[in-house]
Amino acid sequence: ASKRYTATMRTSKGTIVLSLDARTAPIATNHFVQLAKSGYYDGLTFHRVIPGFVIQGGDPKGDGTGTPPSSVVGELPTGAYPLGAIAAAKTGAAPAGTFGDQFFIVTGPSGQSLLPEYATWGRVTEGLDVAQAISNVPRNAQDAPREPVYIVKVSITESAG
């Protein structure tokens, strides 16, 4: 909580920069930072893209059914999810705030109206247009991109808080 973290997510469609909120969400931030620093997300895809809603990634199987290496119960939002929020994707049966490895970025109004059941730990500060472009790629009936959209690399920068 005493540090500031920035995540730079290079994707096959451009770069998304996220400011991570370690003060308000230390558990979720730490979990994401540790996964990113280990290279866990590098080379994975966004397996779910829905215009005006979210883009979802972080699954090693690339279809939303992968098993995370570990999970935590992160911090829940106190209000609506802002445009560009990064939050934990979870199964319907998992307790509120559960964060394994999958995450989503809110790209439109439908995502902003989600119930506060998903841990959140930051938001897009640059590249929201990239996230929105990813949400608009052609997709199949399961909301998967017809052609894969990759997370090339997630880099973490830390500084004094």
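**Entry 1: strand β6 and its partners**

I began with strand β6, residues 85–88, and found both of its faces covered, since A85 and A87 on one side and I86 and A88 on the other are all buried. I note here that the model is a predicted one, and I read every entry below with that in mind.

I then looked up which strands lie beside β6. β6 pairs with β9 in the antiparallel sense over three bridges, and within that pairing A87 has T120 of β9 as its bridge partner. Three bridges also join β6 to β8, and these two strands again run antiparallel; here the bridge partner of A88 is F103 in β8.

**Entry 2: strand β1 and its partners**

Next I turned to β1, which is joined by nine bridges to strand β10, residues 151–160, with the two running antiparallel. In this pairing I found T6 standing opposite T157 of β10. Seven bridges join β1 to β2, also antiparallel, and the connection between β1 and β2 is a hairpin through two residues.

**Entry 3: T15**

I followed the hairpin to T15, which has its place in strand β2 and has R10 standing opposite. Is T15 buried, partly exposed or exposed? With a relative accessibility of 35%, T15 counts as partly exposed, because that value falls between the 20% and 50% limits.

Setting aside residues up to four places away in sequence, I listed the contacts of T15 as T8, M9, R10, E126, G127 and V130. I also checked T15 against V152, which is 137 residues away along the chain, and the C-alpha atoms of the two are separated by 9.5 Å.

**Entry 4: helix α3**

V130, one of the contacts of T15, took me to helix α3, residues 128–135, where V130, A131, I134 and S135 are buried. Looking down the axis of α3, I saw that these buried residues fall within an arc of 140 degrees, so they line one face of the helix. The cover over the buried residues of α3 includes β1 (3–11), β2 (14–20), β3 (46–50), β4 (54–57) and β8 (103–106).

**Entry 5: helix α1 and H31**

I went on to helix α1, which has 12 residues, 26–37, and reaches 16 Å from its first C-alpha to its last, close to the 16 Å expected at 1.5 Å a residue. Its buried residues are A28, T29, H31, F32, V33, L35 and A36. Just after α1, I noted that G39 takes a positive phi of about 85 degrees.

I gave H31 a closer look, since H31 lies in α1 and is buried, with a relative accessible area of 7%. Which residues does H31 contact, leaving aside its neighbours within four places in sequence? I found S70, S71, V72, F99 and G100.

**Entry 6: P68**

From there I looked up P68, which is found in the loop between β4 and β5 (72–73). P68 is partly exposed, with a relative accessible area of 30%, and its contacts, apart from neighbours within four places in sequence, are Y40, G100 and D101. G100 thus appears in my contact lists for both H31 and P68. I also checked P68 against A119, and the two are 51 residues apart in sequence and 16 Å apart in space, C-alpha to C-alpha.

**Entry 7: aromatic pairs**

I then counted the aromatic pairs, and the total comes to 10. I examined F104 and Y118, whose ring centres lie 5.6 Å apart with the planes at 80 degrees, so this pair is edge-to-face. F104 lies in strand β8 and Y118 in the loop between α2 (109–112) and β9 (120–126), so the pair ties together parts that are 14 residues apart in sequence. I found both F104 and Y118 buried. I also recorded one aromatic cluster, formed by F32, Y40, Y41, F46, F99, F103 and W121.

**Entry 8: nonpolar cores**

Last, I looked up the nonpolar cores. Which members of the largest core touch the most other members? Of its 35 residues, they are I16, F32, Y41, F103 and W121. Helix α1 gives the most to this core, with five residues. A second, separate core has 10 residues and includes F53, Y81, A87 and Y118. A87, one of the buried residues of β6 with which I began, is therefore entered in my notes again as a member of this second core.

Terms used: Residues are numbered from 1 along each chain as its sequence is written. This is a predicted model: local features need pLDDT of at least 70, side-chain atom pairs count only at pLDDT 80 or more; totals for chains, interfaces and linings use all residues. Side-chain values use heavy atoms; hydrogens and water are left out. Helices (H or I, at least four residues) and strands (E, at least two) are DSSP runs, numbered from the N terminus. The expected span of a helix is 1.5 Å times one less than its number of residues. Buried means under 20% relative accessible area, exposed over 50%, partly exposed in between (1.4 Å probe, protein chains only). The arc is that of the directions from the helix axis to the C-beta atoms. Contact means heavy atoms within 4.5 Å. Rings of Phe, Tyr and Trp (its six-membered ring) pair if their centres lie within 6.5 Å; planes under 30 degrees apart count as stacked, over 60 as edge-to-face and the rest as tilted. A nonpolar core is a set of buried Ala, Val, Leu, Ile, Met, Phe, Trp, Tyr and Cys residues joined through side-chain atoms within 4.5 Å. Two strands pair if DSSP finds at least two bridges between them.
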